[in-house]
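Biologist: I'd like to learn how to read a fold from the strands outward. Could you walk me through this one?

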Amino acid sequence: MLRINDDITLQDWELTESFMRASGPGGQNVNKVSSAVELRFEAERSPHLPGPVKTRLRRIAGRRWTNDGALILQCDETRSQARNREIIRERLAELIRRALVKPKRRIATKPTRGSVERRLKAKKTRAEVKSMRGRVDGD
């Protein structure tokens, strides 16, 4: 069971962990011990996440989101399998916490009348400067 916040707790059936050999630090031990962790979270089927949160999570996850609606995270940072499990579970919790925050709606604004007039005046001035750069007649 993974606790995200007071309202959301993920059950064990939603999370699948698989272990493989890591490519990072570990010396000769790296060829013998499966310390890297791959965590698969069945986000689309999760009854604990509301629809809008799933949509934001899909956008945040990017390429880590599969076609069948699962979120796959990997970690091989440390030599310890247990530490890698802790790291990857905390990353998943952080991603879900980020998806829980509803973004603010942007309020469209119009430029002020003064700023429009200043912009147009600057454009006219610049056009006059450039128009004076033409060829000079040799009368």
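Biologist: Let's start with F19. Which residue does F19 stand opposite in β4?

Modeller: F19 faces V37 there. One caution before we go on: this is a predicted model. The general idea is that strands of a sheet pair through backbone hydrogen bonds, either parallel or antiparallel. Here β3 and β4 run antiparallel, and six bridges join them.

Biologist: And V37, what is its bridge partner in β5?

Modeller: On that side V37 is bridged to C75 of β5. You can follow the register along: E38 stands opposite Q74 in β5, and R40 has I72 as its bridge partner there. Altogether, β4, residues 36-41, pairs with β5 over five bridges, again in the antiparallel sense.

Biologist: So how do I put the strands together? What is their order in the sheet?

Modeller: The order is β3-β4-β5, an open sheet of three strands with antiparallel pairing. Its edge strands are β3 (15-20) and β5 (71-75), each of which pairs on one side only. If you fit lines to the strands, neighbours in this sheet are turned against each other by 20° on average, ignoring direction.

Biologist: Now the two faces of a strand. Which residues of β5 are on the covered face, and which on the uncovered one?

Modeller: L71, L73 and C75 make up the covered face of β5, while I72 and Q74 are on the uncovered face. Put that beside the pairing: C75, the partner of V37, is on the covered face, whereas Q74, opposite E38, is on the uncovered one.

Biologist: Which helix lies across these strands?

Modeller: That's α2, residues 81-100, which lies across β3, β4 and β5 and runs at about 140° to β5.

Biologist: Helix pairs next. At what angle do α1 and α2 pack, and how far apart are their axes?

Modeller: For a helix pair, look at angle, distance and handedness in turn. Helix α1, residues 51-61, packs against α2 at about 120°, with the axes 8 Å apart. Roughly perpendicular stops at 115 degrees and roughly antiparallel needs over 145, so α1 counts as oblique to α2. Their crossing is right-handed.

Biologist: Which residues make that contact?

Modeller: From α1 you have V53, R56, L57 and I60, and from α2 there are L95, I96, R98, A99 and L100. Sorted by class, the contact has seven nonpolar residues, two charged ones and no polar ones.

Biologist: How about single residues? Is S35 buried or exposed?

Modeller: For a single residue, check its place, its accessibility and then its contacts. S35 lies in the loop between β3 and β4. Its relative accessible area is 5%, and buried means under 20%, so S35 is buried. Leaving out residues up to four places away in sequence, S35 touches M20, A22, T78, R79, S80, Q81 and N84.

Biologist: R79 is on that list. Where is R79 found, and how exposed is it?

Modeller: R79 is found in the loop between β5 and α2, and with a relative accessible area of 54% it is exposed. As for distances, the C-alpha atoms of R79 and K130 are separated by 66 Å, and the two residues are 51 apart along the chain.

Biologist: Which loop holds D76?

Modeller: D76 is in the loop between β5 and α2. At 31% relative accessible area, D76 is partly exposed. Its C-alpha atom is 9.1 Å from that of M20, although the pair is 56 residues apart along the chain.

Biologist: Last one, T16. Where is T16, and which residues is it in contact with beyond its sequence neighbours?

Modeller: T16 has its place in strand β3. Setting aside neighbours within four places in sequence, T16 is in contact with E38, L39 and R40. T16 counts as partly exposed, at 42% relative accessibility. For a longer span, take T16 and I60: they are 44 residues apart along the chain, and their C-alpha atoms are separated by 20 Å.

How values were computed
Residues numbered from 1 in each chain as written. Predicted model: local features only at pLDDT ≥ 70, side-chain atom pairs only at ≥ 80, totals over all residues. Heavy atoms only, no water. Pairing = 2+ DSSP bridges. Helix = DSSP H or I, 4+ residues; strand = E, 2+ residues; numbered from the N terminus. Axes fitted to C-alpha atoms, helices over the stretch in contact; angles between N-to-C directions. Contact = heavy atoms within 4.5 Å. Parallel < 35°, antiparallel > 145°, perpendicular 65-115°, else oblique. Left-handed = near helix turned anticlockwise from the far one by under 90°. Nonpolar A, V, L, I, M, F, W, Y, C, P; charged D, E, K, R; others polar. Buried < 20%, exposed > 50% of the residue type's maximum accessible area, 1.4 Å probe, protein only.
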